[in-house]
Number of protein chains: 2
Amino acid sequence: MEFRQVKSKDQKYIQAFGKHLRKLRKDNDLSQEDLANDADIPINQIGRIDRAEVNTTISTMRAISKALNIHITDLFNFDKKS
Amino acid sequence: MEFRQVKSKDQKYIQAFGKHLRKLRKDNDLSQEDLANDADIPINQIGRIDRAEVNTTISTMRAISKALNIHITDLFNFDKKS
DNA sequence: TTAAAATAACATATATATGTGTTTATAATG
DNA sequence: CATTATAAACACATATATATGTTATTTTAA
């Protein structure tokens, strides 16, 4: 598969999303593995979202937000303007 | 493909998401076709989201929220508790 | 330098996004 | 009521991408 980034025109947005998720995770002192375990998703998937390799789905976002004990919309709080 | 629903354990959540999207769309007096045109996504896709046939992605949600002139988080406002 | 964490590089099943055409439902109108 | 138009649902098919898995390499921290 080689190094990849999401192809979407929303690449920058998805990068910001990943960066924000990483911050939320680190603020909680969680490793990718910790969060993956808590959210019950594969370890690698967290890294892939962090690095904007995927344009993830509602259910994955929901699993992550639950694991972080935040509302799903908090995952988008990096984006203060519409 | 026959009648389908998302298989995710978040099926109910995704149904609520779709129902909420339908309300937002109708509040703006938009047909599925109108919204699809504004968001530059296929006509059918709006209906599929409405009916919870898909577990949609960030980029699709973003396209829709832009077309509705709302913030992406508003698509989750049906869900007041975490 | 050792261990832990994260990145990368493969591969694959399943699902999203898309497209086209048909059928059904809803609304408007003569 | 019948008819027409519009909107939405349904049924099929397919390219691409997400989610997943495994292993190896690199980075970071202890």
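In this predicted model, 17 residues of chain A are in contact with 18 residues of chain B, where contact means C-beta atoms, placed from the backbone, within 7 Å. On the chain A side, α1 (11–27) and α4 (58–67) each supply at least two of the touching residues; helices here are DSSP runs of H or I with at least four residues, numbered from the N terminus. Here's how that side of chain A splits by class:

| Class | Residues of chain A touching chain B |
|---|---|
| Nonpolar (Ala, Val, Leu, Ile, Met, Phe, Trp, Tyr, Cys, Pro) | seven residues |
| Polar (the others, Gly among them) | eight residues |
| Charged (Asp, Glu, Lys, Arg) | two residues |

Now the symmetry. Chain A lands on chain B after a rotation of 180° with 0.0 Å of shift along the axis, RMSD 0.0 Å (least squares on C-alpha atoms of residues with pLDDT of at least 70 in both copies). That's the relation of a two-fold axis. Thr57(A) has the chain A C-alpha nearest the axis, at 2.1 Å. Both copies use the same surface, with 100% of chain A's contact residues recurring in chain B.

On to α2 of chain B, residues 32–39: Leu35(B), Ala36(B) and Ala39(B) are buried there, meaning 20 or more other C-beta atoms, placed from the backbone, lie within 10 Å of their own. Seen down the axis of α2(B), these buried residues fall within an arc of 100°, so they line one face of the helix; the arc is taken over directions from the helix axis to the C-beta atoms. They pack against α1 (11–27), α3 (43–50) and α4 (58–67) of chain B. Just after α2(B), Asp40(B) takes a positive phi of about 60°.

Residues are numbered from 1 along each chain as its sequence is written, and chains are lettered from A and ligands numbered from 1 in the order written. Since the model is predicted, local features need pLDDT of at least 70 and side-chain atom pairs count only at pLDDT 80 or more, while totals for chains, interfaces and linings use all residues.

Key
Two residues are in contact if their C-beta atoms, placed from the backbone, lie within 7 Å. A residue is buried if 20 or more other C-beta atoms lie within 10 Å of its own, exposed if 12 or fewer, and partly exposed in between; C-beta atoms are placed from the backbone.
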